[in-house]
Amino acid sequence: WDVAFNIKCSESPVAISPSPEWSLDPNLLEEEVKEYRTGIATDDLTEVVDGLLDVMYVLAGAIRRHGISAEMAEDIFREIHRSNMTKLDDDGKPVYKDNGKIGKSANYTKPDLRPIIEKYTK
């Protein structure tokens, strides 16, 4: 869609995209998350689904704009998933914080993203 919408995307991974739209991405993501929240608050499945998939669409555009290839995104996601699975305790159970969020068990290891980023930025 970068061609269809004439959006400039970086050829390699960068923190700040060369496209002027890059600074709009966080606002668009917040807007779509708000739509998702509204759907939950009003028990509106259509709004929930629309908000969630719009988040995916905007996020995919931001990923592309920052020069992150599908392969790099997949490798990063796999490493983040690996790290998140180390949050389970020795019995394979999640550790919950008081607010209901899943916390980190003694088994937790941070995602090691640097080697993956370096692989795609050389």
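Here are three short exercises on a predicted model, each with a worked solution.

**Exercise 1.** Find where Asp 43 sits and decide whether Asp 43 is buried or exposed.

*Solution.* Start with the place: Asp 43 belongs to the loop that links helix H1 (25-41) to helix H2 (45-65). Next, look at the backbone, where Asp 43 shows a positive phi of about 55° although it is not a glycine. Finally, take the relative accessibility of 72%. Exposed means over 50%, so Asp 43 counts as exposed.

**Exercise 2.** Place Ser 12, list its contacts beyond its neighbours within four places in sequence, and state how far it is from Asp 43.

*Solution.* Ser 12 lies in the segment before H1. Its relative accessible area is 37%, so Ser 12 is partly exposed. With neighbours within four places in sequence set aside, Ser 12 touches His 66 and Gly 67. As for Asp 43, 31 residues separate it from Ser 12 in sequence, and the C-alpha to C-alpha distance is 41 Å.

**Exercise 3.** Work out the surroundings of Lys 87, then say which lysines gather in a patch of positive charge on the surface.

*Solution.* Lys 87 is in the loop between H3 and H4. Lys 87 is buried, yet it has no salt bridge. The nearest side chain of opposite charge is Glu 79, 13 Å away, whereas a salt bridge needs the charged atoms within 4 Å. Leaving aside neighbours within four places in sequence, the contacts of Lys 87 include Val 95, Ile 102, Lys 104 and Tyr 108. Now for the surface: Lys 97, Lys 101, Lys 104 and Lys 110 form the positive patch. One of these, Lys 101, is in the loop between helix H3 (70-85) and helix H4 (114-121).

Conventions
Residues numbered from 1 in each chain as written. Predicted model: local features only at pLDDT ≥ 70, side-chain atom pairs only at ≥ 80, totals over all residues. Heavy atoms only, no water. Helix = DSSP H or I, 4+ residues; strand = E, 2+ residues; numbered from the N terminus. Buried < 20%, exposed > 50% of the residue type's maximum accessible area, 1.4 Å probe, protein only. Contact = heavy atoms within 4.5 Å. Patch = residues over 30% accessible without salt bridge, like charges linked within 9 Å, V, L, I, M, F, W, Y side chains within 5 Å. Areas by Shrake-Rupley, 256 points an atom, 1.4 Å probe, with all protein chains shown as cover. Lys, Arg positive; Asp, Glu negative; His and termini not counted. Charge placed at Lys NZ, Arg CZ, Asp CG, Glu CD.
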